[in-house]
Amino acid sequence: MVKPNHADDYNLAQDCLENKNIDTFMEKHESYIKNLVRKRLDYNLLTHLEDIIQEIFTLLFARKAFNGYKGESSLKTWLYVLVSRRTINEIEKIKRKRHLTLESIELDPPAKSTDTSTLVNDIIEKMKKEWDYEKTTMMYMHYYESMTYNQIGVFFQIGESTISYHIKIAKQKFKKLYSK
């Protein structure tokens, strides 16, 4: 049942269902929706901002989400709930795609020559025994997979400066292991 004070919102939603007054809707609510999504995203996920916003507008217009608006609350309240839930779902989807288990990364270096690869394999075995698995993985990702600090940070969900610090410490430990 449409409440009298939400009749304009309800009529706008119904017009959007029929692909009318979409410009009016966008003028009133586009920046509100973008700001809601932006507030929900961590710094590491801001690169996905436009994709998530596009998914929300697709949901609203192509999938006819306005059918769910019954006029019992303001359109902004309904949008807040819809956008928040969709943003959380999209964030979880991104994290599931991006999440790799550390065990799935193979820490064996590519074979070069027998002398070098034997030496490197020995050092990596020492690293595995003496370091925690996370730091060994960071070193491997940076030096063997040629990943940037930013890419490694996205994987571990920590900042570039933290990755830089861990790799610096790991290099120092690596030099100690190598010199033994």
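Tutor: Helices (runs of H or I, at least four residues) and strands (runs of E, at least two) are taken from DSSP and numbered from the N terminus. By that count the chain has 8 helices and 0 strands, and its pattern along the sequence is α-α-α-α-α-α-α-α. The model is predicted: local features need pLDDT of at least 70, side-chain atom pairs count only at pLDDT 80 or more, and totals for chains, interfaces and linings use all residues. Residues are numbered from 1 along each chain as its sequence is written, and side-chain values use heavy atoms, with hydrogens and water left out.

Student: Which residue follows H1, and what is the sign of its phi?

Tutor: Asn19 follows H1, and its phi is positive, near 60°. The residue sits in the loop between H1 and H2. A positive phi is found here in a residue other than glycine.

Student: What makes Asn19 count as exposed?

Tutor: Relative accessible area decides the matter: under 20% is buried, over 50% is exposed, and anything in between is partly exposed (1.4 Å probe, protein chains only). Asn19 has 52% relative accessibility, so the residue counts as exposed.

Student: Why is Leu36 called buried?

Tutor: Leu36, a residue of helix H2, has a relative accessible area of 9%. That value falls under the limit for burial, so Leu36 is buried.

Student: Is Tyr80 buried, exposed or partly exposed, and how do you know?

Tutor: Tyr80, in helix H4, has 39% relative accessibility. This value lies between the two limits, so Tyr80 counts as partly exposed.

Student: Which residues are in contact with Leu36, leaving aside its neighbours within four places in sequence?

Tutor: Contact requires heavy atoms within 4.5 Å. On that basis Leu36 is in contact with Leu79, Tyr80 and Val83. With the same exclusion of neighbours, Tyr80 is in contact with Tyr32, Leu36 and Arg40. The C-alpha atoms of Leu36 and Tyr80 are separated by 7.4 Å, although the residues are 44 apart along the chain.

Student: How do you know that the buried residues of H1 line one face of the helix?

Tutor: The buried residues of H1 are Asp9, Leu12, Ala13, Cys16 and Leu17. Seen down the axis of H1, they fall within an arc of 145°, so they line one face of the helix. The arc is that of the directions from the helix axis to the C-beta atoms.

Student: What are the buried residues of helix H7?

Tutor: In H7 (residues 149-156) they are Ile152, Gly153, Phe155 and Phe156. Their arc, seen down the axis of H7, is 160°, so these residues also line one face of their helix. H7 is followed by Gln157, whose phi is positive, near 60°.

Student: Which residues have the most contacts inside the largest nonpolar core?

Tutor: A nonpolar core is a set of buried Ala, Val, Leu, Ile, Met, Phe, Trp, Tyr and Cys residues joined through side-chain atoms within 4.5 Å. The largest has 28 residues, and those with the most contacts inside it are Phe25, Ile33, Val37, Leu60, Phe66 and Trp78. Helices H1 (7-17), H2 (22-40), H3 (49-62) and H4 (75-98) each give two or more residues to this core. H3 gives the most, with 8 residues. Apart from this core lies another, of 10 residues, including Trp131, Met138, Met139 and Ile163.

Student: Why is the pair of Phe25 and Phe61 called edge-to-face?

Tutor: The whole structure holds 7 aromatic pairs. The rings of Phe25 and Phe61 have their centres 5.6 Å apart and their planes at 85°. Rings of Phe, Tyr and Trp (its six-membered ring) pair if their centres lie within 6.5 Å; planes under 30 degrees apart count as stacked, over 60 as edge-to-face and the rest as tilted. Both conditions are met, so the pair is edge-to-face. Phe25 lies in helix H2 and Phe61 in helix H3, so the pair ties together parts that are 36 residues apart in sequence. Both residues are buried.

Student: What makes Lys76 count as lying over the face of Tyr32?

Tutor: Lys76 is at 4.6 Å from the ring centre of Tyr32. A charge sits over a ring if NZ of Lys or CZ of Arg is within 6 Å of the ring centre and within 35 degrees of the ring normal. The distance meets its limit, and Lys76 is listed as lying over the face of the ring.
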